[in-house]
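Biologist: Please put the model up, and I will ask how each term is justified.

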Amino acid sequence: MKLGIVGLPNVGKSTLFNAITQAGAESANYPFCTIEPNIGVVAVPDYRLSNLKEMYNSQKVIPAAIEFYDIAGLVKGASKGEGLGNKFLSHIREVESIVHVVRCFEDSNVTHVDGNVDPLRDIETINLELILSDLESVEKRIPKLEKQVKLDKSLLPELELLHQLQGVLEQGLSARSQDLNEDQQKMLKEFTLLSAKPIIYVANVSEDEVGDGGSDNPHVTTLREFAMEEGSEVVVICAKIEAEISELEEEEKQGFLEDLGLTQSGLDRLVQASYSLLGLISYLTAGPKEVRAWTITRGMKAPQAAGKIHTDFERGFIRAEVVAFDKLMEAGSHTAAKEKGHVGIEGKDYIVKDGDVILFRFNV
Ligand code: GDP
């Protein structure tokens, strides 16, 4: 899964991104991810993996991973192609979700591009660029579709939706602000609009505010209210502290967090928020060679889930042998779980659940 980090200059993006690459999951484990300076991979924390490792005496553990793309340089005028703007917008097109870092910390040593700290104005600045770029693509589509509709009336709902979105965007609102029915949502996905992508706001607060989740910071309160109306998530972090945490060993990390009054790092919370916002879950595979978690969308069927491992698994899918993680632990071994009837033989319509431990059978 790919997330793009955006934000105005000087809000703490690089600090956060450096923390991500520092904490970075071992890239050798993620061959899909070539090592590029603007990509950071973060492991999805999952306590179940270490239990499975013990049970199977596995050599290796590979957690699920989220890729963060550093999309720096989005500034006012980007949609008009100013300062490499269009290139950045095209990077946003490639990610599944946007992480928007918003400055909520006051620090007179760090200048703000627009003079003072004001999260809503910052959000508006960035959103406006996405909205203007969307408006351009909607306005390009409409005349084309108008011609097609004359020949094919079934395209009418699509044209109507485009007109509706045009109106919304012209008002300076994001495409995601609309309540759409299921069919319209499907159409919206095909339009690949930037302002329709799910978004997580990262409130970057100062070192002494992060312990209580920024509850005394009025900027955070404003941001939360705004995000709630939009149906988006807010994660409160201190980028500077994340950078410090990323340099610690695992054992030191817990104590450091406790001293700050935290139970989890901001990065871990960001990963969890992404999972919940995007409706993601993990299933697991386990054996003596490796234990591994795989990210899928909730509601995905067994063959598509198998396809995450390899496209051959999806194409040649025969069946899945599935045991829920808790049942497997309770039984103590896969054989014991089987004897107790906890291992289900599932076909191509089986909907994979979070924490399913699966062995796929397939034809090559
Ligand atoms: P970017 O332009 O958005 O990538 O911002 P940077 O990550 O380069 O940060 C800009 C400046 O803000 C740097 O001097 C950082 O040290 C500082 N900064 C970033 N995060 C924090 C924070 O949480 N607290 C404070 N006080 N300063 C921060």
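Modeller: This is a predicted model. Over residues 279–362 the chain is 29% helix and 39% strand, with its end C-alpha atoms 27 Å apart.

Biologist: Why is the stretch 279–362 called "domain: TGS"?

Modeller: The name comes from the UniProt annotation, an unreviewed entry, which covers residues 279–362. Such annotations may be inferred rather than shown by experiment, so the label is quoted as a record.

Biologist: What makes strand β4 mostly covered?

Modeller: A residue is buried if 20 or more other C-beta atoms lie within 10 Å of its own. In β4, residues 65–70, 5 of the 6 residues are buried.

Biologist: How do you know that β4 pairs with β1 and with β2?

Modeller: Pairing requires at least two bridges found by DSSP. Strand β1 (residues 2–6) is joined to β4 by 4 bridges, and strand β2 (residues 39–43) by 5, so both pairs meet the cut-off. β1 and β4 run parallel, with Gly-4 opposite Tyr-69. β2 and β4 are antiparallel, and there Val-41 has Glu-67 as its bridge partner.

Biologist: What makes a residue part of the shell around the ligand?

Modeller: Its C-beta atom, placed from the backbone, must lie within 6 Å of the ligand. The shell holds 16 residues, and the closest are Gly-12, Lys-13, Ser-14, Thr-15 and Ala-239.

Biologist: Which helices each supply at least two residues of that shell?

Modeller: α1 (13–23) and α8 (239–245) do. The largest share, 3 residues, comes from α1.

Biologist: How does the shell divide by residue class?

Modeller: Into 6 nonpolar, 7 polar and 3 charged residues. Gly counts as polar here, so Gly-12 belongs with the polar ones.

Key: Residues are numbered from 1 along each chain as its sequence is written. This is a predicted model: local features need pLDDT of at least 70, side-chain atom pairs count only at pLDDT 80 or more; totals for chains, interfaces and linings use all residues. A residue is buried if 20 or more other C-beta atoms lie within 10 Å of its own, exposed if 12 or fewer, and partly exposed in between; C-beta atoms are placed from the backbone.
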